[in-house]
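Reader: I should be grateful for a close look at a single part of this model, namely the pairing of its strands. Please then set that part in the context of the rest of the chain.

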Amino acid sequence: TLNKKGFIVICKRCGICCMVDFIAYVTERDMERWRREGRQDILDIIDREQAFWAGDHLISKVDGRYLDRCPFLTWEGELHCCSIHETRPEVCRNYEPGSSEICSQFRG
């Protein structure tokens, strides 16, 4: 698949983009979809995390711990994967591999 810049970029499943806790970017549409789907498991995790920005990183409002990755990031052998890929948040659906500087495939 071609990205917006016309390059073919295939995700390497390195997990680097998921080292940003995307819970801070969950939209109300995402929340509504998970309610319709009966995904209380996802809603509970989001409620537990209550992520917010503290300078250049996210911390939990509940206990102040540093949130260093998406809580839905898992591993399959050597590769990273999303445990909620089929219903992941819009921010993740819209992310294109190579589109940000954190991706090893970024082309500026």
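Author: Two strands are said to pair if DSSP finds at least two bridges between them. The model considered here is a predicted one.

By that criterion, β1 and strand β2, which covers residues 57-60, are a pair: four bridges join them, and the sense is antiparallel. Two of the facing positions can be named. Ala51 has Ser60 of β2 as its bridge partner, and Trp53 stands opposite Leu58, also in β2. The two strands form a hairpin with two residues between them, and Gly55, in the turn, has a positive phi of about 75 degrees.

This hairpin belongs to a wider arrangement. Three strands make up an open sheet, with the order β1-β2-β3 and antiparallel pairing. Its edge strands are β1, residues 51-54, and β3, residues 66-67, each of which pairs on one side only. As a general point, the side chains of a regular strand alternate between the two faces of the sheet.

A second pairing involves β4 and β5. Strand β4 spans residues 73-76 and runs antiparallel to β5, with four bridges between them. Thr74 has Cys81 of β5 as its bridge partner, while Glu76 stands opposite Leu79 of β5. Here too the strands form a hairpin with two residues between them, in which Gly77 takes a positive phi near 65 degrees.

Strand β5 also leads to the largest pocket. Of the elements, β5 gives the most to the lining of this pocket, namely three residues. Both β5 (79-82) and helix α3 (90-94) supply at least two residues each to that lining. In total the lining has 25 residues, and those nearest the centre of the pocket are Cys11, Cys17, Cys18, Cys82 and His85. Sorted by class, the lining comprises 16 nonpolar, five polar and four charged residues. The space within the largest pocket is about 580 Å³.

The strands may now be placed along the chain, which has three helices and five strands in all. Read from the N terminus, the elements follow the order α-α-β-β-β-β-β-α. Along its principal axes, the C-alpha trace spans about 40 × 35 × 30 Å.

The helices α1 and α2 remain to be described. In general, two packed helices are characterised by the angle between their axes and the distance between the axes. For α1 (residues 28-36) and α2 (residues 40-49), the axes come within 8 Å and cross at roughly 140 degrees. Because of that crossing angle, α1 is oblique to α2; angles over 145 degrees would count as roughly antiparallel. Met31, Trp34 and Arg35 of α1 make the contact with Ile42, Leu43 and Ile46 of α2. By class, the residues of this contact are five nonpolar and one charged, with no polar residue.

Technical notes. Residues are numbered from 1 along each chain as its sequence is written. This is a predicted model: local features need pLDDT of at least 70, side-chain atom pairs count only at pLDDT 80 or more; totals for chains, interfaces and linings use all residues. Side-chain values use heavy atoms; hydrogens and water are left out. On a 1 Å grid over the protein atoms alone, a cavity is a set of points where a 1.4 Å probe fits but cannot get out, and a pocket is an open set with protein on both sides within 12 Å along at least five of seven lines; lining residues have an atom within 4 Å of a point. Grid points are joined across faces, edges and corners, and a volume is the space filled by probe spheres set on the points. Ala, Val, Leu, Ile, Met, Phe, Trp, Tyr, Cys and Pro count as nonpolar, Asp, Glu, Lys and Arg as charged, and the others, Gly among them, as polar. Axes are lines fitted to C-alpha atoms, for helices over the stretch in contact, and angles run from 0 to 180 degrees between N-to-C directions. Angles under 35 degrees count as roughly parallel, over 145 as roughly antiparallel, 65 to 115 as roughly perpendicular and the rest as oblique. Contact means heavy atoms within 4.5 Å.
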